[in-house]
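Here are a few exercises to work through with the model open in your viewer. Try each task before you read its solution.

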Amino acid sequence: MRDVPAKVVPPVDELDLSGVLVRTDYTNDGRFQEVLTEARRPVGPNSDGASLLVVEDQRLAGTTPAEIAEMVEVEDFAFVVDARSMLDSTLLVVDLLSDSDTHLAMFRAVPETVYAIEASLVLANLDFIDLLESVGSDGVFRETFR
């Protein structure tokens, strides 16, 4: 059995406008930094980009979305950098809200959409189901809401 942290409590409060990003692949630190930089990149002249609180711990290697939901407190959703992210830069987006109809639902997102997803979910402009309905036939969300 893996030695995974019991709980991950991001240092946020209810007024924080950051999403949490959990790293679950530790095969290439340089590639992870590239994916993170892409995800944080501002998408327009009036955007600061996604703020993202990054949770990195080697013990999280290979952690599943269900395990993340059990470990991460405070947040309603998480971005996950997993093995596929290292290949194609897409991030896994997981609904962590336990009383949601979409609990543990997930989709992949291209990095330039991270800011829009983060802002929409944090500000409750959209629900997770709204984002799920906008996912392409390939399972990847590409809408930036510019």
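**Exercise 1: a buried arginine**

Arg23 counts as buried, at 2% relative accessibility (buried means under 20% relative accessible area, exposed over 50%, partly exposed in between, with a 1.4 Å probe and protein chains only). Before going on, keep in mind that this is a predicted model, where local features need pLDDT of at least 70, side-chain atom pairs count only at pLDDT 80 or more, and totals for chains, interfaces and linings use all residues. Residues are numbered from 1 along each chain as its sequence is written, and side-chain values use heavy atoms, with hydrogens and water left out.

Task: work out where Arg23 sits and what its side chain pairs with.

- Step 1. Find the element: Arg23 is in strand 1 (residues 20-23). Strands (E, at least two residues) and helices (H or I, at least four) are DSSP runs, numbered from the N terminus.
- Step 2. List the contacts (heavy atoms within 4.5 Å). Beyond four places in sequence, Arg23 touches, among others, Phe32, Val55, Leu60, Val81 and Met86.
- Step 3. Look for charged partners. Asp29 makes a salt bridge with Arg23, with the closest N and O atoms 2.8 Å apart; the rule asks for a side-chain nitrogen of Lys or Arg within 4 Å of a carboxyl oxygen of Asp or Glu.
- Step 4. Add Glu56, whose side chain makes a polar contact of 2.8 Å with the side chain of Arg23. A polar contact is a pair of N or O atoms within 3.5 Å; within protein, one must be able to donate a hydrogen and the other to accept it, and residues adjacent in sequence count only if both atoms are side-chain atoms.

**Exercise 2: a salt bridge inside a helix**

Task: which residue forms a salt bridge with Arg84, and where do the two lie?

- Step 1. The partner is Asp88, with the closest N and O atoms 2.7 Å apart.
- Step 2. Both residues lie in helix 3 (residues 83-88), four residues apart, about one turn of the helix.
- Step 3. Check exposure: Arg84 is partly exposed at 35%, and Asp88 is partly exposed at 33%.
- Step 4. Back to the earlier trio: salt bridges that share partners join Arg23, Asp29 and Glu56 into one network. The total count is eight salt bridges.

**Exercise 3: laying out the sheet**

Task: give the strand order and say which strands stand at the edges.

- Step 1. The sheet is open, with six strands in the order 2-1-3-4-5-6 and mixed pairing. Two strands pair if DSSP finds at least two bridges between them.
- Step 2. Strand 2 and strand 6 (140-141) stand at the edges; each has a single partner strand, so one side of each lacks a neighbour in the sheet.
- Step 3. Strand 1 runs parallel to strand 3, joined by four bridges, with Leu21 opposite Phe79. Strand 3 and strand 4 are antiparallel, also joined by four bridges, and here Phe77 faces Asp95.
- Step 4. Now see what covers strand 3: five of its five residues are buried. Phe77, Phe79 and Val81 point one way, while Ala78 and Val80 point the other.

**Exercise 4: how far to trust it**

Task: where does pLDDT stay under 50?

- Step 1. Start with the chain, which averages a pLDDT of 86 (the predictor's confidence in each residue, from 0 to 100).
- Step 2. The stretch in question is residues 11-15.
- Step 3. Where pLDDT is low, the predicted coordinates should not be read in detail.
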